[in-house]
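Colleague: I am new to this model and would welcome a close look at one part of it. Could you walk me through a single helix and its surroundings?

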Amino acid sequence: MAKKRRPQTKAAGPRVANGEIPVVGAREPCPCGSGRRYKACHGREAAHAVTELVQRPFEGLPGECDWVALRELVPAATVGLTLAEGLPEGVPSVTLATVLPMAWPALRRDNGTVLLGLQNDTPSGDISRDLADTLRRALTAEPGTPVAAERAPGDGPRLQDLLDPNGTFSPTLHEGFEFWLEDAANASGEVAASLERANAAAIPTARLTGVEAAYWCETPEKNHLRWVMSHSEEKLLDALARLHAAGASSLGENTRLVGSFRAHGLTVPVWDLPRGMSAEDTEKPAVDLAERLAEALASDAPLTPEQRRARGGLTNRQVTLS
């Protein structure tokens with residue numbers, strides 16, 4: 001004899017009419033009134049939204065390539081942000097910073113200004129949504145307080161919703177982290193010691209002015225150029241292979257294209273440079289390379305065997321950071 005099906009009971013409480021489904025315990029009835037447990041109903045959608053990896057979290061923001069660079073490459077930098085709805089009363093400015101003291105996600109200073117940290121670990125797969133949630137909480141935090149990390153709601157706004165799409169994104173690079181403090185010159189005690197430790201670990205870095213999102217850095221053994229590019233990865237690797245096979249992928253004598261890595265959906269080619277090659281020395285070679293690369297990107301000709309070998313070498317040396 002077949003078992004009788006148990007009638008499906010409805011959740012306690014009224015149905016939600018306005019589409020806003022509150023978060024409840026995983027085993028509790030879903031507030032939507034479906035009769036199912038929350039984890040099997042709207043909780044499933046919320047969990048998916050929280051954990052799903054967004055491959056290009058900064059896509060659509062002004063300066064996407066520089067967002068990626070500041071997230072992954074640059075030790076000390078700040079950028080003034082423009083909010084789509086303007087600054088709230090009592091908030092003179094909002095500034096994005098690569099990192100903040102004590103790895104705080106954000107900080108509301110005594111004077112009301114907001115600093116938003118970019119290089120923190122984020123609890124979900126959407127960095128943009130996590131940063132937007134932190135920013136919203138920082139705008140209403142008490143002056144003089146840091147903002148703690150929290151899990152953002154899966155349906156919350158993203159940076160693309162909060163920031164002015166027509167705003168500029170112009171990073172200012174710093175030699176150290178004095179921007180943490182309103183009066184760094186008079187820092188003392190543990191604050192001064194923390195600042196000194198952070199400054200000692202910072203790798204000298206400069207943003208080239210002649211091309212977009214190309215960052216020179218100095219290391220003890222050699223210097224590097226790491227250039228964040230928004231071109232399609234397949235198209236870019238083809239173009240770099242064309243240049244490499246033609247002996248035209250370097251930035252001059254004793255420099256070489258050593259590979260690339262992926263970061264937040266974009267490709268970042270990397271060049272080794274001689275120890276004595278400064279950021280200023282790299283400017284013109286980078287501009288010249290950008291012109292050669294544009295020509296190679298415009299080509300639709302099939303790769304030659306030599307170019308395919310060059311592409312294979314580039315692909316084998318590619319790593320993914322995010």
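Which residue follows α6, and what is its phi?

Modeller: Happy to help. This is a predicted model, in which local features need pLDDT of at least 70 and side-chain atom pairs count only at pLDDT 80 or more, while totals for chains, interfaces and linings use all residues. Residues are numbered from 1 along each chain as its sequence is written, and side-chain values use heavy atoms, with hydrogens and water left out.

The residue after α6 is Gly247, and its phi is positive, near 70°. The helix itself covers residues 233-245. Helices here are DSSP runs of H or I with at least four residues, strands are runs of E with at least two, and both are numbered from the N terminus. With 13 residues at 1.5 Å each, α6 should span 18 Å, and its end C-alpha atoms are indeed 18 Å apart. That expected span is 1.5 Å times one less than the number of residues.

Now look at which side chains of α6 are hidden. Leu236, Leu237, Ala239, Leu240, Ala241, Arg242 and Leu243 are buried. Buried means under 20% relative accessible area, exposed means over 50%, and partly exposed is in between, using a 1.4 Å probe and protein chains only. The cover over these residues includes strands β10, β11 and β12 (318-320), together with helices α7 and α8 (305-316). Covering rests on contact, meaning heavy atoms within 4.5 Å.

One of those neighbours, β10, is also linked to α6 through charge. Arg262 and Glu233 meet in a salt bridge at 2.9 Å, N to O. This bridge connects distant parts of the chain, with Arg262 in strand β10 (residues 256-263) and Glu233 in α6, 29 residues apart. A salt bridge here is a side-chain nitrogen of Lys or Arg within 4 Å of a carboxyl oxygen of Asp or Glu. Side chains of opposite charge can pair when their charged atoms come close. Arg262 counts as partly exposed because its relative accessibility is 30%, and Glu233 counts as partly exposed because its value is 21%.

Elsewhere, salt bridges with shared partners join Arg56, Glu59 and Glu64 into one network. Glu64 sits in helix α2 (residues 64-72) and, at 10% relative accessibility, is buried. Leaving aside residues up to four places away in sequence, Glu64 touches Arg56, Phe58, Glu59 and Leu266.

In the whole structure, a search finds 16 salt bridges. Among them is the pair of Arg129 and Asp126, at 3.7 Å, N to O. Arg129 is buried at 17%, and Asp126 is buried at 3%. Another joins Glu212 and Arg207, whose closest N and O atoms are 3.3 Å apart. In that pair Glu212 is exposed, at 58%, while Arg207 is partly exposed, at 25%.

Back to the surroundings of α6: helix α7 (residues 279-297) has 19 residues, which at 1.5 Å a residue should span 27 Å, and the 25 Å between its end C-alpha atoms agrees with this. Its buried residues are Ala279, Thr282, Glu283, Pro285, Ala286, Leu289, Leu293, Ala296 and Leu297. These are covered by elements including α6, β7 (205-207), β8 (214-218), β9 (223-227) and β11 (266-273).

The loop between β7 and β8 holds Ala213. Its phi is near 55°, a positive value in a residue other than glycine, and Ala213 is buried, with a relative accessible area of 1%. Met102, also not a glycine, has a positive phi of about 60°. Met102 lies in the loop between β2 (94-97) and β3 (106-108) and is exposed, at 68%.

Finally, a word on empty space. The structure holds one cavity of 30 Å³ or more, and the largest cavity has a volume of about 80 Å³. On a 1 Å grid over the protein atoms alone, a cavity is a set of points where a 1.4 Å probe fits but cannot get out, and lining residues have an atom within 4 Å of a point. Points are joined across faces, edges and corners, and the volume is the space filled by probe spheres set on them. The lining of the largest cavity includes Trp67, Leu81 and Phe169.

Terms used:
1 Å grid on protein atoms, 1.4 Å probe; cavity = no way out; pocket = protein on both sides within 12 Å on 5 of 7 lines; lining within 4 Å.
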